[in-house]
Amino acid sequence: MGRLVMVECKCGYFNDEYMYGVNMAYPRVKKHHTALAKSGRYGNKWKELLQNDPELLVNAEYRLYQCTGCHKIVSRHCMDLYKSSKDDGCYYTPEANEVIYEYKHICPDCKKRMVYIPLSEMNCLSGIDNPEETVYCPKCGDMAIASFCGFTD
Ligand SMILES: [Zn+2]
Ligand SMILES: [Zn+2]
């Protein structure tokens, strides 16, 4: 079951429709992205890597990414390449040590690099304790709060 994430800021910014994690469509989407990557849709590098190593898979879980320039937040399929002997073709997502190549996400607005925002049950985030997990408001640039707010199918 997928999750929904809410980002809110004291300036009034509010969005509770960010997709997160693994939903029902995950096994199908993973196959689909892996096939597209093989055909070159996500760049030559991904195409070559997948052609050279047929055991590589695309991680199709939803994650949040934030632009290092304009602070835009998007929910995207992760797209990292991983290899795992434990993947049964269903709802498996890779451990950190199974990820072999990290996909670089680019901001659709300003073309700067986007960084992954790790979210966990424990830190419904203010980022105060861990600067790596800081979420900035896309509207005013101040520190915002991200938290789980619901489920998707
Ligand atoms: Zn941007
Ligand atoms: Zn704000």
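Three strands form an open sheet in the order β3-β6-β7, and their pairing is antiparallel. A strand here is a DSSP run of E with at least two residues, numbered from the N terminus, and two strands pair if DSSP finds at least two bridges between them. β3 (57-58) and β7 (99-101) stand at the edges with a single partner strand each, so one side of each has no neighbour in the sheet. Strand β6 (residues 81-82) is joined to β7 by 2 bridges, and Y82 stands opposite V99 in β7. In general, strands of a sheet pair through backbone hydrogen bonds.

This is a predicted model, in which local features need pLDDT of at least 70 and side-chain atom pairs count only at pLDDT 80 or more, while totals for chains, interfaces and linings use all residues. Residues are numbered from 1 along each chain as its sequence is written, chains are lettered from A and ligands numbered from 1 in the order in which they are written, and side-chain values use heavy atoms, with hydrogens and water left out.

The zinc ion (ligand 2) has as protein donors C9 (SG), C11 (SG), C137 (SG) and C140 (SG), at 2.2 to 2.4 Å. Donors are N, O and S atoms within 2.8 Å of the metal (3.2 Å for Na, K and Ca); water is not among the atoms, so sites may look incomplete. The arrangement is tetrahedral because the 4 donor atoms subtend angles of 106 to 115 degrees, and four donors count as tetrahedral if all angles lie between 85 and 135 degrees. Along the chain, the donors follow the spacing C-x1-C-x125-C-x2-C. C9, in the loop between β1 (3-8) and β2 (14-20), and C140, in the loop between β9 (135-136) and β10 (143-151), are 131 residues apart and link distant parts of the chain.

Technical notes. Four donors count as tetrahedral if all angles lie between 85 and 135 degrees; four count as square planar and six as octahedral if opposite donors are over 155 degrees apart and all others between 65 and 115; anything else is irregular. Helices (H or I, at least four residues) and strands (E, at least two) are DSSP runs, numbered from the N terminus.
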